[in-house]
Amino acid sequence: MKATDLGQLPYMERLIIEGGYPLKGKIDVSGFKNAVLAIIPATLLAGDKCIIENVPLISDVYILKDIMTELGADVELKYNNIMEIDTSKIKECVAPYELAKRLRASYYLIGAALGRFKEAKVSYPGGCDIGTRPIDQHIKGFEALGSEVNIDHGLIKCRADKLEGSKIYLDVVSVGATINIMLAAVLAEGKTIIENAAKEPHIVDTANFLNSMGADVRGAGTDVIRINGVEELHGCTYSVIPDQIEAGTYMVAAAATKGDVIVDNVIPKHLESVTAKLKEIGVEVEEYGESIRVCAKEELKGATIKTLPYPGFPTDLQQPMSVLLSVAEGTSVVTESIFEGRFKYVDEIKRMGANIKVDGRTSVIDGVKSLSGAKISATDLRAGAACIVAGLIANGATEIENVHHIDRGYEKVEQKLINLGAKIRRVKE
Ligand code: EPZ
């Protein structure tokens, strides 16, 4: 199925949830969306065949698969979550506007194409409408490495006679800029140092993938990343880390429904901030080697949350967590320090009886006894996750439209929830 076909289908789909059923059982977490969306473009750097395992079957991956195919790559994505991608036939990178604009991660094609071809023309990135989402730090990095950058008619055009290692201090801790500069620097001449780098697990995963292709990247996961440019890269086989945001979403859903769930195939360390916050509000959380058990029986109490770059509380879980707090005892205060537009879901949850007041980047949540089912709309990916958590705990039926947002980042979402005892079904118009 091509993403363009896919693109037509989900706009007419809705999820209907009968609330009030505690989630119980075990759930397998898929590969990390935000890691694989960097690793797939990174294969451009090798001009060889790569095999990527643990790829989540989500629409953002299908869209990126189509973009890589349009660029000339041979891409096969199988139902066993393995992608085979050969970028040897790609000779230039002009990312198609219609597809590239629908994906934030299309900007990784710039760093990868710049690294391989010293040239790139990629549509301005799209993605969730959660704030302005500038790319000035990406451009700062590309220019520091020796590239000219022009933005013209929505296209970001980069060109360099050669790329030379440089020392780059990020003004803002940016995941995208950190990864994009890594991609552009691995084939540059000399040493690049990225300071004030983001430390998210998917930055480490992308660095490990690059090193599997023969790059020399050290320090990923700290705020100083050192890259020694190499002559060329080669194909490799690599398995993507588990999706800690998907895992965290299901941990929150388990707690909100007063359930008892084992979230399997995770790296517990990646979820430390979430585990700590859930324990603080009264949830029992047990960490095992590659799984986490979440059990909630008691009344949960409110908390204060401030989203921060990793290892702080992740902005991608602010929305589902706020729904959990909307039925916790007492008042909670949530500060969204990363994206200014990440409270759009509040109006939808208020239709279900939540008592939430938003003032700028802060929301004040007064816990209510329960939510009531209603017709609501997913405004972006993680707002969609918040709608699902709300539907799972509400009295009566909740109907969620714009499900395509959710399908961008949650593989087999209704199937995974049905396996935990949720009463959820997808309605296709
Ligand atoms: C990535 O977005 C993720 N997307 C987001 O996940 C995630 O919320 C975000 O990182 C933070 O963890 C992908 O990986 C595809 P940033 P990105 O650059 O790279 C500012 C999801 O739900 N900034 O770390 O766009 C920016 O405005 C998605 O899975 C600049 O000012 O995030 C923001 O305030 C949503 N200039 C802050 O930095 C720049 O050049 C962090 O943004 C770049 C960013």
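Q: How many residue pairs are in polar contact between domain 1 and domain 2?
A: This is a predicted model. Pairs enter the count if both residues are at pLDDT 80 or more. Between domain 1 and domain 2, the number of residue pairs in polar contact is 7.

Q: Which element gives the largest share of the side of domain 1 that touches domain 2?
A: Elements that give two or more residues to this side include helix 13 (381-393) and helix 14 (404-407). Helix 1 (3-8) is also one of them. The largest share is 4 residues, and the element that gives it is helix 1.

Q: How many residues of the side of domain 1 that touches domain 2 are charged?
A: Residues on this side fall into three classes. There are 8 nonpolar and 8 polar residues. The charged residues number 9.

Q: Which residue forms a salt bridge with Asp60?
A: The count between domain 1 and domain 2 is 1 salt bridge. Domain 2 covers 33-239, while domain 1 is made of 3-30 and 245-428. In the salt bridge of Asp60, the closest N and O atoms are 2.8 Å apart. The partner of Asp60 is Arg408.

Q: What separates the centres of domain 1 and domain 2?
A: The centres are taken over C-alpha atoms. Their separation is 30 Å.

Q: What area is buried between domain 1 and domain 2?
A: The size of an interface is often given as the accessible area lost when the parts come together. Here, carbon and sulfur atoms give 56% of the buried area. The area itself is about 2,100 Å².

Definitions and conventions:
Residues are numbered from 1 along each chain as its sequence is written. This is a predicted model: local features need pLDDT of at least 70, side-chain atom pairs count only at pLDDT 80 or more; totals for chains, interfaces and linings use all residues. Side-chain values use heavy atoms; hydrogens and water are left out. Domain bounds come from an automatic or database domain assignment. Buried area is the accessible area (1.4 Å probe) that two parts lose on being put together, summed over both. A salt bridge is a side-chain nitrogen of Lys or Arg within 4 Å of a carboxyl oxygen of Asp or Glu. A polar contact is a pair of N or O atoms within 3.5 Å; within protein, one must be able to donate a hydrogen and the other to accept it, and residues adjacent in sequence count only if both atoms are side-chain atoms. Ala, Val, Leu, Ile, Met, Phe, Trp, Tyr, Cys and Pro count as nonpolar, Asp, Glu, Lys and Arg as charged, and the others, Gly among them, as polar.
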